[in-house]
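Reader: Could you walk me through this one and show me how each label follows from its value?
Author: Gladly; let us look at it together.

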Amino acid sequence: MDNTTQPTTSGMTGLIEDWVSDKDAFKNVSWGKTMMWIFLLSDTFIFSCFLVGYMSVRMTTDVPWPNASEVFALTIAGEHIPLILIAIMTFVLITSSGTMAMAVNCGYRRQRKQAAVLMLVTAVFGVCFVGMQAFEWTKLIEEGVRPWGNPMGAPQFGAAFFMITGFHGFHVSIGVIYLTVVALKVLRGDYEERGYEIVEITGLYWHFVDLVWVFIFAFFYLW
Amino acid sequence: MAYADDVENEELHEPTGFIWKYVWSQDHKVIAIQYSTTAILVGLVALVLSGMMRMQIGFPGSIDMDSTAYYQAMTMHGMIMVIYLLTAIFLGGFGNYLIPLMVGARDMVFPFVNMLSFWFYLVSVLVLLASFFVPGGPTGAGWTLYPPQAITAGTPGSEWGIILMLVSLIIFIIAATMGGLNYVTTVLQARTHGMTMFRMPLTVWGIFVATILALLAFPALFVSGVMMLLDQTIGTSFFMPDMMQFGSQLDYSGGSPILFQHLFWFFGHPEVYIVALPAFGLVSDLISIHARRSIFGYRMMVWAIVSIGVLSFVVWAHHMYVSGMNPYFGFFFATTTLVIAVPTALKVYNWLLTLWRGNIHLTVPMLYSLAFIVTFLVGGLTGLFLGNVVVDIPLSDTYFVVAHFHMVMGVAPILVVFGSIYHWYPKMTGRMLHDGIGKLHFWITFLGTYLIYFPMHYLGFLGMPRRYYAYEDYPFIPESAQSLNAFITVVAIVVGISQLLFLFNLAYSYFKGAPSGGNPWRATSLEWLTPETPPKHGNWGTSLPVVHRWAYDYGVPGAELDYVPQTTSPEEVPVHESDHDE
């Protein structure tokens, strides 16, 4: 019907030709999925700015930075283990990414019950994560850590900690609600006609939140 | 099919009742007009504030304005004009109205999110205006809101005003994100048959790239806003160093004020292009249509827009040459700043070459477009002064900066806004704006602009600092500068009042304007080819248009008319694909 130019060249020019020459820039990608990817790109910049801001104040403050592996150590059954809670939290969140991926797979196989159950399992892992985070916050607050100061060292430690983990925890909580709502609609059969791409879109968000945690883990807890 | 969004076969549910049609509307055209109206109204507040400031500078003591009120007016004027007027009207106004029409879509991809975008924007405006009524008034920290002074006692509005300002900005960012996701997705995925990206009008390209910049630059403002809000409310020290005030140590320690400047300008410089790129796009279309000539170097224009967008992310610290950052940064940022002049100059040359041997109609949109080119050129040339570190240092914080900034980022985009409203008003209402009033408004605004801002360059060379409440008793400022200040004030008041002509024209023509018909400018792009004018819900009636050519087929040899609409098939008028590749 229309005379769109067929890409004939290769390399960079061919790539661009291919990209611009059709109705959709991304073939067979739905509007919702495109929009989620673009949103995640924007959100990446938010978390990057938070992390850059944290690293920057860590360099400018003239008080020594507290030793993260000591602050986040727990004594379990008489054993003093550094970073153990954070390790468990990371494990839980990465496991939840696994169940999420399985849910996406089940969705495309149109096994809607399995997909919904796996999404709910993912949400439960998310709740566990937020619960452990609440425990961690409580423990630090009891030890005297405040956004404006703490007994261990630089006041920016508490400020950055509460701000960054708080913002991430907020994302996880939103994700849990999002997952639950979509899972219930999947279970009810709302997507029988349109197909189960929505599970993948939800999954994109969830994997993103997990990925961000890996960076927070590396830059805040391990550094 | 699980993947593709089946727009063609989707049934249209036209909303009924006044509320659903015009208030809680999900139609991109209504949302666009809601956005534009709000932006223009809040812009009027900022215009009045600037008139009050000019009165104080030109005729000190003539109005009841103390230094606190002066700084508050200055801050609010800047923030409103840059964010709540220009950003909102280009993306929320023109973006919303023109993107779906120009790419041949029925609406934005997620109309509900689009509607939320407007309502969040409205809330952000209300929160901002509420700061006039809280104890201490709005913030007077300057529109850049630099800490530590923005949240330190002694600065106007450091208690409540700044909080409302930051909250309002955060809400605005949420609104801009919801809108922006829609615009980008619509351009990428919802174009009609045959509308390849290299057949889109440059307006769409400009708004598209600007929206991507907004989605990537606003996060930095969001983060700096959150951090400053925490500094102000619960006493964290992100931006606050150890400080003494009135002989006592404040409760802050070890923060980095310069971090705020980096975050702010990482947003702030792309912001300049968030406003400028849509203006580039719109003006390209105005020039091409009103000169009856295909745009010169279409692909080059697109690449210039894209490369300006990319470069705009690596020039931010040229706003910080005097901030005390590492001088080696200055070298890097001066280089990137001057490099960005290359694609920008390319665009100016292409506009001129489009006009060359064109059949120039001096309509009101064309007048505004020509004024834009001249004004943008003047503002751009003074940018070369300020982009070089050694020249910038003596000029920084003088009226030279004020003049440069207002020329290039204030007046130039506003001229495009006016020109574009004259151009697209017939599509929005079915009536032409009054030509005579339009020309009067144009000449007052255009000449007035030069009478206001040209002298300011000179005041800047004299060393007159910006942001001062009063200029008496400074030995280095000659007394004659004050008469120039008074002159500028008189012109500014005249130009300010003359904007009533424009508002009157909008209202008058809505009822009494000459009927325009569907395509009064004899243009080729899709928005002029809708079955009804103004377009109905769903834009295209029963079937979507099919596009066969680019949007710039003017004066095609062998064609019957001097313009060939984008929907004309190649059998009727042959398509020269090579036209696109100049």
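What follows is a set of questions on helix packing, burial and the contact between the chains.

Reader: Before we start, what kind of model is this?
Author: This is a predicted model.

Reader: Thanks! What makes H2(B) and H15(B) roughly antiparallel to each other?
Author: The axes of H2(B), residues 28–58, and H15(B), residues 480–512, come within 8 Å and cross at roughly 160°. Angles over 145 degrees count as roughly antiparallel, and the pair is therefore given that label. The crossing of H2(B) past H15(B) is left-handed.

Reader: Which residues make that contact?
Author: On the H2(B) side they are Leu47(B), Gly51(B), Arg54(B), Met55(B), Ile57(B) and Gly58(B). H15(B) brings several, including Asn485(B), Ala486(B), Ile488(B) and Gln499(B). By class, the contact of H2(B) with H15(B) has 7 nonpolar, 6 polar and 1 charged residues.

Reader: Why are H3(B) and H5(B) called roughly parallel?
Author: H3(B), residues 67–103, packs with H5(B) at an angle of about 25°, and their axes are 10 Å apart. The cut-off for roughly parallel is under 35 degrees, so H3(B) and H5(B) earn the term. H3(B) passes H5(B) in a left-handed crossing. Among the residues in contact are Leu91(B), Gly92(B) and Gly95(B) of H3(B), with Ala176(B), Gly179(B) and Gly180(B) of H5(B). The classes there are 9 nonpolar, 5 polar and no charged residues.

Reader: How do you know that the length of H5(B) agrees with what a helix should span?
Author: H5(B) runs over residues 161–189, which is 29 residues, and at 1.5 Å a residue these should span 42 Å. The C-alpha atoms at its ends are 42 Å apart, so the two values agree.

Reader: And what makes H5(B) largely enclosed by the rest of the structure?
Author: A residue needs 20 or more other C-beta atoms within 10 Å to count as buried. In H5(B), 25 of the 29 residues are buried, so the helix is described as largely enclosed.

Reader: Let us turn to the two chains. How many residues does each chain bring to the contact?
Author: Chain A brings 42 residues and chain B brings 43. In chain A, the elements giving two or more residues to this side are H2(A), 31–60, and H6(A), 155–188. H2(A) gives the most, with 14 residues. The chain A side comprises 21 nonpolar, 14 polar and 7 charged residues.

Reader: Why is H2(A) called oblique to H6(B)?
Author: The axes of H2(A) and H6(B), residues 202–233, come within 8 Å and cross at roughly 40°. That angle falls outside the ranges for roughly parallel, perpendicular and antiparallel, which leaves oblique. H2(A) passes H6(B) in a right-handed crossing. Its contact residues include Phe45(A), Ile46(A) and Phe50(A) of H2(A), along with Leu215(B), Pro219(B) and Phe222(B) of H6(B). The contact of H2(A) with H6(B) divides into 12 nonpolar, 2 polar and no charged residues.

Reader: One last residue: is Lys23(A) buried or exposed?
Author: Lys23(A) has 20 C-beta neighbours inside 10 Å, so it counts as buried. Lys23(A) is found in the loop between H1(A), 11–20, and H2(A).

Reader: Which residues does Lys23(A) touch?
Author: Leaving out residues up to four places away in sequence, Lys23(A) touches Arg191(B) and His193(B).

Definitions and conventions: Residues are numbered from 1 along each chain as its sequence is written. Chains are lettered from A and ligands numbered from 1 in the order in which they are written. This is a predicted model: local features need pLDDT of at least 70, side-chain atom pairs count only at pLDDT 80 or more; totals for chains, interfaces and linings use all residues. Axes are lines fitted to C-alpha atoms, for helices over the stretch in contact, and angles run from 0 to 180 degrees between N-to-C directions. Helices (H or I, at least four residues) and strands (E, at least two) are DSSP runs, numbered from the N terminus. Angles under 35 degrees count as roughly parallel, over 145 as roughly antiparallel, 65 to 115 as roughly perpendicular and the rest as oblique. A crossing is left-handed if the near helix is turned anticlockwise from the far one by less than a right angle, and right-handed if clockwise. Two residues are in contact if their C-beta atoms, placed from the backbone, lie within 7 Å. Ala, Val, Leu, Ile, Met, Phe, Trp, Tyr, Cys and Pro count as nonpolar, Asp, Glu, Lys and Arg as charged, and the others, Gly among them, as polar. The expected span of a helix is 1.5 Å times one less than its number of residues. A residue is buried if 20 or more other C-beta atoms lie within 10 Å of its own, exposed if 12 or fewer, and partly exposed in between; C-beta atoms are placed from the backbone.
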